[in-house]
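Please examine the sequence and structure shown below. A short report on selected features follows.

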Amino acid sequence: MLDWWLPPNVSTFGGDVDRLFYLIFYITGITWVLVQVTMLVFLFLYRHREGRKAEYSHGNTTLEILWTIVPALILIMLGFMSRATWDQIRHTHPTSPNMAVVQITAKQFNWEILYPGPDGKFDTDDDKMIENDLHVPVNEVVRVRLTSKDVIHSFFVPSFRLKQDAVPGRVIEIWFQATQPGVYELPCAELCGFGHSGMLGHVTVQSADEYKSWIKEQWPS
Amino acid sequence: MTSPAHAKEAHAAHAEHHELGFVRTYLFSTDHKMIGRQFLFMALFMMIIGGALAMMMRWELAWPESEIPLTHWIPEPYMFDGHMPPEFYNAVFTMHATIMIFFVVMPILVGCFGNFLIPLMIGARDMAFPVLNMLSFWVGAVAGVIMLAAFFVPGGAAAGGWTSYAPLSAVPTYTGVTWGQNLWCISIIVLGMSSLMGSINYITTIINMRAPGMTYFRMPLTIWALFITAILLLLALPVLTAALAMLLMDRLAGTSFFLPAGGGEPLLWQHLFWFFGHPEVYIMILPAMGIASDILSVFARKPIFGYRAMAFSIIGIAFLSWIVWGHHMFQSGMNPTLGTSFMISTMVIAVPSAIKTFNWLGTLYRANIRFTVPMLFALGFVAMFVIGGLSGIFMASTPVDIFIHDTYFIVAHIHYVLFGGSIFAIFAAIYYWFPKMFGRMMNNPLGYLHFWATLIFYNGTFFPMHIIGVGGHMRRIYNPMQYEFLHPLQHWNVFMTICALCLGASQFPFVINFIYSLFWGPKAERNPWHANTLEWVAETPTPHGNFGPTLPTVYRGPYEYSSPEVEEDYLPQDRLLSGPARAH
């Protein structure tokens, strides 16, 4: 339900993010409706009438304890549920048979994507840098070593439910595993200067064969 | 616990009445009421500028790179014949947020109502340090002038966002902004001094100068909120001042606090900024909560539900506000384990806000509600704050925040808290205390028109931001049409802009009402709302020294509405009941 709202998800952990989103959406949505309806009902029932006095009451301790403990329990539960997904995205370092690794250096206002080439190693002669064009194989883990040359940028692929700031002076490794071939937009999500709007790359997720032929095109030797 | 005896002597000194000239009465006044009015006028003026900037921004988002009406007079290189370049767009949203936060919401809630209400509501003749109080306003005014001056220097105003993340803000070539960013830093450092003077004054006054019988737990919740807010200001602002001084040094003196090339750390800025910035959020919402509590109780004609829980949840929020700053930094590269701890503390801080909301509902239960203009705005505050509070839970959850961080969902959230929350409470407060501040009543039909138009167009402007935010729409972008995945959402931008323009137009009834009532409104009686708190005991217009020859004595709490002890439905704090009267 409500699939029309979030952009289509094509990453392995995106489903967990979406489930948490909907869970929080339903909890907060129900709370919101209850609060607003209660308020409107009270406003109608207890509107001013001449010759009537309001109830002289300073509160109700039982009720107050109840509406302290119930929200606290729900919120702590949400915290622990979120933790599991967070750890999966940020703390695990999964691999897959044909895992791809790239280095991405953000700069005003482009993504410099460095591929290790056929030898799979960086700092060798067959490294190749392509701006704003990230090609990855489908259903394989892709590790991205993210850094920046100048200011803070943010690597954001809405369809992967993935966002990570690129910070100058440090390399942050993130991963994703795309489940659907296609071309996905890769905007910068952190204000990075006058060209921030329009700083945009593309992620092309390709089937194993297409990915192989793309590699051949790039490294023809 | 009563106020110390020596406070009485201090009061006597203020009580002498003397005629003052125009300059001492209206400009360099040491009277807390005049200083409060000065803060109000300054902030309302700044609100017009901040609002106009928002209109330009909205136009740009709905119809990107088109001609913006009424802006042809703005010269190059800011605007090109009514067309906005991206670097000016960045300056516009940076200055919109900075002005609204530092020069509108804070000066009205803390500067204006803090000043006007604290001595009156606790039964004092003035602030503890009246000259420091005057200085606080004028230093704040200088900060405002410096901030606006940034528009007129070469390179234009600051364009790094109100959060001014380094290194973008630390190296002039990254934004092309030179003195604009420097003035931004200097202005907020100066404003910090103004706030420090104010907060020291508020804390001292509340601790030492309460009228006889005014114990801490007989203080109105507005005073509780302002008291705790002043403590937060006192402790949070020096951190911001230090961070700004470091940023200024990076820009001007060649240091590298935030620049990795020189061994600095960009995330240090974020830690310092948000260590101030999150208490700052509560600085802007706690007084609004206090004001809403007072107004709800007055017009519900019913005691506030769970007074002590309300006071303790203010204190609880204040304590927790120091350990949640990292939730702004989940995606910053900060250690993910740290993210988990900040998530838990953030989930916990939602609890006191939930308590307050339920207690406001409890106050309405079996009440006798009068729908005056201030009451409508206070009810609007509760309804809108609930949305802002609930949407906060989404970003507290670290995995969900991965997706919605830096999107319009965040913009929606901050506006539901600061506009639906703080600004609605500000309007409630202005309509409510206007009779005491200016001695005249405001016009009701214009007030109702202002409320309904604001409520409708406010929601039309900001509610769809949740929807486009969840669609992935980034904040701070100048032209959404540059992104294919945002094309299907563009009609929302058009809708929001039309609502925003109407929201701007909805403020005209308020401006007209304010100015008209200031001069020609019907004269207000001493206690037009039949309220209990001490400011309504003072005469209207309130003289220098506030109360007559003797200060009021307080016999009970501030919320004794519909008490069975008296026939009428209110029982002022200073009224001595004969017979077996009980004090609450």
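What should the 27 residues of helix α15 (residues 444-470) of chain B span at 1.5 Å a residue?

## Helix α15 of chain B

The expected value is 39 Å, and the end C-alpha atoms of this helix are 39 Å apart, which agrees. Here the expected span is 1.5 Å times one less than the number of residues, and helices are DSSP runs (H or I, at least four residues) numbered from the N terminus.

Shortly before the proline B:P464, α15(B) has a kink of about 30° at B:G460; the bend is the angle between axes fitted to the seven residues ending at a residue and the seven starting there. After α15(B) comes B:G472, with a positive phi near 100°.

## Basis and confidence

This is a predicted model, in which local features need pLDDT of at least 70, side-chain atom pairs count only at pLDDT 80 or more, and totals for chains, interfaces and linings use all residues. Residues are numbered from 1 along each chain as its sequence is written, while chains are lettered from A and ligands numbered from 1 in the order in which they are written.

The model scores ipTM 0.96 and pTM 0.95. Chain B has an average pLDDT (the predictor's confidence in each residue, from 0 to 100) of 94, and 96% of its residues score at least 70.

## Domains of chain A

An automatic or database assignment sets the domain bounds: chain A comprises domain 1 (14-49 + 56-90) and domain 2 (100-218). The C-alpha centres of these two domains of chain A are 39 Å apart.

Definitions and conventions: Helix = DSSP H or I, 4+ residues; strand = E, 2+ residues; numbered from the N terminus.
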